[in-house]
Amino acid sequence: MPRKSELRRLRDSLGELQGRRGHQQVRESQLQMKIDNLAEHISRSYLVDLRAFVADEAAFEKVLRAQLKRGAGFQPATDRQDADVTNLAEADLEKLILDLRNQLDNMGPVNLDAVQEYDELEERYKFLEAQNNDLTNSRRDLLDVIAQINSTTRKLFGDTFVQVRGNFREMFAELFGGGRADLSLLDENDPLDCGIEIIAKPPGKQLQSVSLLSGGERAMTAVALLFAIYMVRPSPFCILDEVDAPLDESNINCFIRMLDRFVCQSQFIIITHNKRTIAKADVLYGVTMEQRGVSKLVGMKLTAPRQAASDVASNGGEQSPSQRRLVLATR
């Protein structure tokens, strides 16, 4: 009987031990699974194989000392910056690990292509910087050229304006038989962009702007200004289109005298319907319509043949200036 009791007691103890063993095996499996998951997570996140990891005491102490020098992550329980890093309390180590983990999280995920991307961005930056430097230098050179051009243009314009102003006063008095006229800049500080005011005073009238004159007076003023500019820089050809249309008989005579003054310097081609101007021409061109709907261009020399022949002989076979300088065309 006592043996049966002892055997029962041993069986119960064995069953209890087997149960505890089963629980330990389950616990071991759970822990092994956690270890495997943790190792996989570390390998995926930080590219570190924990199975092949070997503790580096020197690196560990170096990290601890660096964290102690920073002083921003945690304060060791010993409150000493030169404390023995190998004898830190467990709480200090946990704080250190937490601080390092926060630093890693703040860094974000590891970009394996960062070096290649940096090289590409650096190359792109150097290219853009070179382009920017070229544009900056080009802009500076262009501004220098513009400033030089403006300075030269302002000087040339000033000299030309003074000459045209003097010529305009002379030509106006000659065309109108007296009176006076003047040119003035609206803004002398900006002569290249400002306007020009034309002031005219025909004989018997007050000094006023050209816009207040009559049509014929404005035309004569314009002719005076035209020839004033022409005197500064003469040209071999001068084309006048209906400039004498608003002129009366007396003004036409002044206009013709003005042509006589310059006809020896340039060839004038005048488009006109005025009979007095046509009579002054050496060659006349016009359009006629002998048949209805059919236009025909005709030309006529208004110089006498005998006089033309004598002029040709006296000039050694060349035409006189009056024969070849004034050509008229009628519409």
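Which side chain meets that of glutamate 174 in a salt bridge? In this predicted model, the partner is arginine 261, with an N to O distance of 2.5 Å. The contact links distant parts of the chain, since glutamate 174 lies in helix α4 and arginine 261 in helix α6, 87 residues apart. Glutamate 174 has a relative accessibility of 37% and therefore counts as partly exposed.

Arginine 261 also takes part in another contact between these helices. Its side chain meets that of glutamate 170 in a salt bridge, here at 3.2 Å from N to O. This pair, too, joins distant parts of the chain: glutamate 170 belongs to helix α4, arginine 261 to helix α6 (residues 249–262), and 91 residues separate them. Arginine 261 is partly exposed because its relative accessible area is 31%, and glutamate 170 falls in the partly exposed class because its relative accessibility is 40%.

Helix α4 is also tied to a strand. The side chains of arginine 169 and aspartate 182 form a salt bridge with an N to O distance of 3.1 Å. Here the pair connects helix α4, home of arginine 169, with strand β1, home of aspartate 182, across a separation of 13 residues. A relative accessibility of 39% makes arginine 169 partly exposed, and aspartate 182 is likewise partly exposed, with a relative accessible area of 22%. Over the whole structure, the search finds 10 salt bridges.

The strand that holds aspartate 182 leads on to the pairing of the strands. Strand β1 (residues 180–185) runs antiparallel to strand β2 (residues 196–201), and the two are paired over 6 bridges. Leucine 185 has isoleucine 196 in β2 as its bridge partner. Strand β2 is in turn joined to strand β3 (residues 208–209) by 2 bridges, again in the antiparallel sense; across this pairing, alanine 200 stands opposite glutamine 208 in β3. Together β2 and β3 make a hairpin with 6 residues between them, and in the turn glycine 204 adopts a positive phi of about 85°.

Charge also gathers on the surface. Asp113, Glu117, Asp119, Glu120 and Glu123 form a patch of negative charge there. Of these residues, glutamate 123 is placed in helix α4 (residues 114–176). Why does glutamate 123 count as exposed? The reason is its relative accessibility of 59%, as the exposed class begins over 50%.

Notes
Residues are numbered from 1 along each chain as its sequence is written. This is a predicted model: local features need pLDDT of at least 70, side-chain atom pairs count only at pLDDT 80 or more; totals for chains, interfaces and linings use all residues. Side-chain values use heavy atoms; hydrogens and water are left out. Patches are made of residues with over 30% relative accessible area and no salt bridge: like charges are joined within 9 Å, nonpolar side chains (Val, Leu, Ile, Met, Phe, Trp, Tyr) within 5 Å. Accessible areas come from the Shrake-Rupley method with a 1.4 Å probe; for residues, only the protein chains shown count as cover. A salt bridge is a side-chain nitrogen of Lys or Arg within 4 Å of a carboxyl oxygen of Asp or Glu. Lys and Arg count as positive and Asp and Glu as negative; His and the chain ends are not counted. The place of a charge is taken as NZ of Lys, CZ of Arg, CG of Asp or CD of Glu. Helices (H or I, at least four residues) and strands (E, at least two) are DSSP runs, numbered from the N terminus. Buried means under 20% relative accessible area, exposed over 50%, partly exposed in between (1.4 Å probe, protein chains only). Two strands pair if DSSP finds at least two bridges between them.
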